[in-house]
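Q: Please take a close look at the salt bridges of this model, and then relate them to the strand pairing and side-chain contacts around them. A single connected account would be preferred.

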Amino acid sequence: MRILTGNDLASGDVTWWTGTGWSRHLDDAIDVADQGEAIARAEEGARRVNVPYVIDATMTADGPRPAHIKDRIRALGPTVRPDLTLKPADPNAGSWVI
């Protein structure tokens, strides 16, 4: 299975090609087979999505699952570890100002 992903132009959110448009939900992604690159070029040219690309995935009982760990993490959202979102200047983060 091959699915198409990109980023929403307005928000930067990860999006997935549904066959008729873009969704923020991986479960909505469809198999683009060998049409993925053509769809990506058309959608980027129409300015509906930023930096679209085709990835390998497998269909599971829970929906599509990206094959590569990088894409699985991307599918989870902007952050999977809230503790990593601390600002460097936050004294509770252990930052030091010299």
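A: Five salt bridges are present in this structure, which is a predicted model.

One of them links Arg 24 to Asp 8, with 3.3 Å between the closest N and O atoms. Arg 24 belongs to the loop between β3 (22-23) and α1 (36-45), whereas Asp 8 belongs to the loop between β1 and β2 (14-17); the pair therefore ties together parts that lie 16 residues apart in sequence. Arg 24 also forms a salt bridge with Asp 13, and here the closest N and O atoms are 2.7 Å apart. Asp 13 is placed in the loop between β1 and β2, and Arg 24 in the loop between β3 and α1, so this pair ties together parts separated by 11 residues in sequence. As for solvent exposure, Arg 24 has a relative accessible area of 46% and is partly exposed. Asp 13 is likewise partly exposed, at 31%, because the partly exposed class runs from 20% to 50% relative accessible area.

Another salt bridge joins the side chains of Lys 70 and Asp 71, at 3.7 Å from N to O. Lys 70 is partly exposed, its relative accessible area being 45%. Asp 71, by contrast, has a relative accessibility of 5% and counts as buried, because the buried class covers values under 20%. Returning to the loop residues, salt bridges with shared partners join Asp 8, Asp 13 and Arg 24 into one network.

The surroundings of this network can be followed through Asn 7. This residue is located in strand β1. Leaving aside neighbours within four places in sequence, the contacts of Asn 7 include Asp 13, a member of the network. Gly 12, Val 14 and Thr 15 are also among the contacts of Asn 7, as are Val 49, Asn 50 and Arg 74. With Arg 74, the side chain of Asn 7 makes a polar contact, side chain to side chain, at 3.4 Å. Asn 50, in β4, is the bridge partner of Asn 7.

That bridge leads to the strand pairing. Strand β1 (residues 2-7) pairs with strand β4 (residues 50-60) in the antiparallel sense, over five bridges. Strand β4 also pairs with strand β5 (residues 63-66), again in the antiparallel sense, over four bridges. In this second pairing, Thr 58 has Arg 65 of β5 as its bridge partner. Two residues lie between β4 and β5, and the two strands form a hairpin.

Finally, the aromatic side chains may be considered. One aromatic pair is found in the structure. Its members are Trp 17 and Trp 22, arranged edge-to-face with 5.3 Å from centre to centre and 65° between the planes. The edge-to-face label applies because the angle is over 60 degrees. Trp 17 counts as buried, with a relative accessibility of 8%, whereas Trp 22 is partly exposed, with a relative accessible area of 21%. The two residues fall into separate classes because the cut-off for buried is under 20%.

Terms used: Residues are numbered from 1 along each chain as its sequence is written. This is a predicted model: local features need pLDDT of at least 70, side-chain atom pairs count only at pLDDT 80 or more; totals for chains, interfaces and linings use all residues. Side-chain values use heavy atoms; hydrogens and water are left out. Two strands pair if DSSP finds at least two bridges between them. A polar contact is a pair of N or O atoms within 3.5 Å; within protein, one must be able to donate a hydrogen and the other to accept it, and residues adjacent in sequence count only if both atoms are side-chain atoms. Contact means heavy atoms within 4.5 Å. Rings of Phe, Tyr and Trp (its six-membered ring) pair if their centres lie within 6.5 Å; planes under 30 degrees apart count as stacked, over 60 as edge-to-face and the rest as tilted. Buried means under 20% relative accessible area, exposed over 50%, partly exposed in between (1.4 Å probe, protein chains only).
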